[in-house]
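Work through the following exercises with the sequence and the coordinates side by side. Each task is followed by a solution that proceeds step by step.

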Amino acid sequence: MKPYRYFSLFLKQLFNLVTMRRFLARAVNRVLLGELLFTTRMGAEINTQASRRLVVGLGNPGMENSRHSVGMAVLGALATRLGVAERWRGDKYVSGEVIVSAVQDTQVVLLRPRLLMNINGVSVAKAAGKYGIEPEDILLVHDELDKPLGKIAIKHGGSARGHNGVRSCVDCLQTDVMKRLRVGIGRPSGKASVERHVLQRFSAEEQKVLDAVLVHSVDLLLSQLSRRESSPVCQSPSSPAGGRHKSQNMKATSDSPAVRAEASELKQKEKS
């Protein structure tokens, strides 16, 4: 009976630790956000007559090359494709780096939060308020453990699925309708911890796959930014203010032949 009791005690302590970390993250979100949620402070560079979208690369400042910050890498690649990579500027109000650009007739705000992943939502909510962008017009780009490197997918709102950065955004925006581009990084092999895995840099072999992933991710982002949603938002009693998209379970999963080839080669090397 003793081993069972010790195991039960361990699980209870682990649950309490996880719960406490989430509570503290939520408390920090609220303190940093204060009363500024959705306070509209339009930037002079924004055309208020045009449709607007906010694209956010979730991650940890100073760790842009880690797996957990792959969303920032995608955003950097998007800025390069748009020819505005030299226009990143710090914005103390939103606690992040911002570029204002355009894709066809859509005004696009690119945001790289300068806060830790667990409180990225503070930066996202402040940027949404400043530029007058609704949650359904926000696209979050983040890493995804449950997809192997080389796979990307669009998710239409819904739960955070254990991702702390997304959870912070849901908490601060008080809704879960934000669209997400999920970039696979795969789970650790062997006995390596998840925390260590996500905070490490990509290996040289993984970087070859990532280069192709970045190109395809930007292609998918541009296709999303060029398209205006015609389907209305469907509110749900179980969802926070704003509700979920009716199509939240519809996922667009995609990879290119180049990405598949690189990923396949990496898998073969791992097996050998």
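**Exercise 1: Ser-95 and other backbone angles**

Locate Ser-95 in the fold, and state the sign of its phi.

Solution. Ser-95 is placed in the loop between β2 (89-91) and β3, where strands (E, at least two residues) and helices (H or I, at least four) are DSSP runs numbered from the N terminus. Its phi is near 55°, a positive value in a residue other than glycine. The model is a predicted one, in which local features need pLDDT of at least 70 and side-chain atom pairs count only at pLDDT 80 or more, whereas totals for chains, interfaces and linings use all residues. Residues are numbered from 1 along each chain as its sequence is written, and side-chain values use heavy atoms, with hydrogens and water left out.

The next step is to take Gln-174, which lies in the loop between α4 (164-173) and β7. Phi of Gln-174 is also positive, near 60°, in a residue other than glycine. Gln-174 is partly exposed, with a relative accessible area of 33%; buried means under 20%, exposed over 50%, and partly exposed in between, with a 1.4 Å probe and protein chains only. Finally, Gly-83, which follows α2, has a positive phi near 75°.

**Exercise 2: The helix α2**

Compare the end-to-end distance of α2 with its expected span, and find what covers its buried residues.

Solution. The expected span of a helix is 1.5 Å times one less than its number of residues. For the twelve residues of α2 this gives 16 Å, and the end C-alpha atoms are 17 Å apart, which agrees. The buried residues of α2 are Val-70, Gly-71, Met-72, Val-74, Leu-75, Gly-76, Leu-78 and Ala-79. Their cover includes β1 (51-57), β3, β4, β5, β7 and α6, contact being defined as heavy atoms within 4.5 Å.

**Exercise 3: The nonpolar cores**

Which residues of the largest nonpolar core touch the most other members, and which elements each supply at least two residues?

Solution. A nonpolar core is a set of buried Ala, Val, Leu, Ile, Met, Phe, Trp, Tyr and Cys residues joined through side-chain atoms within 4.5 Å. Of the 32 residues in the largest one, those touching the most other members are Val-55, Leu-78, Leu-110, Val-141, Leu-181, Val-183 and Leu-221. At least two residues each come from α2 (70-81), β3 (96-103), β4 (106-113), β5 (138-144), β6 (152-156), β7 (179-184) and α6 (204-225), and the largest share, nine residues, is that of α6. Taking Leu-181 and leaving aside its neighbours within four places in sequence, one finds contacts that include Val-74, Val-141, Ile-154 and Leu-221. A second, separate core of 29 residues includes Tyr-93, Leu-115, Met-117 and Ile-133.

**Exercise 4: Pairs far apart in sequence**

Is Arg-53 buried or exposed, and how many residues separate Arg-53 from Val-103 in sequence?

Solution. Arg-53, in strand β1, counts as buried at 4% relative accessibility. Arg-53 and Val-103 are 50 residues apart in sequence, and their C-alpha atoms are 9.7 Å apart in space. Met-63, in the loop between β1 and α2, is partly exposed, with a relative accessible area of 30%. The C-alpha atoms of Met-63 and Gln-200 are separated by 8.9 Å, although their positions lie 137 residues apart along the chain as a separation in sequence. Leaving aside neighbours within four places in sequence, Met-63 is in contact with Ser-69 and Leu-199.
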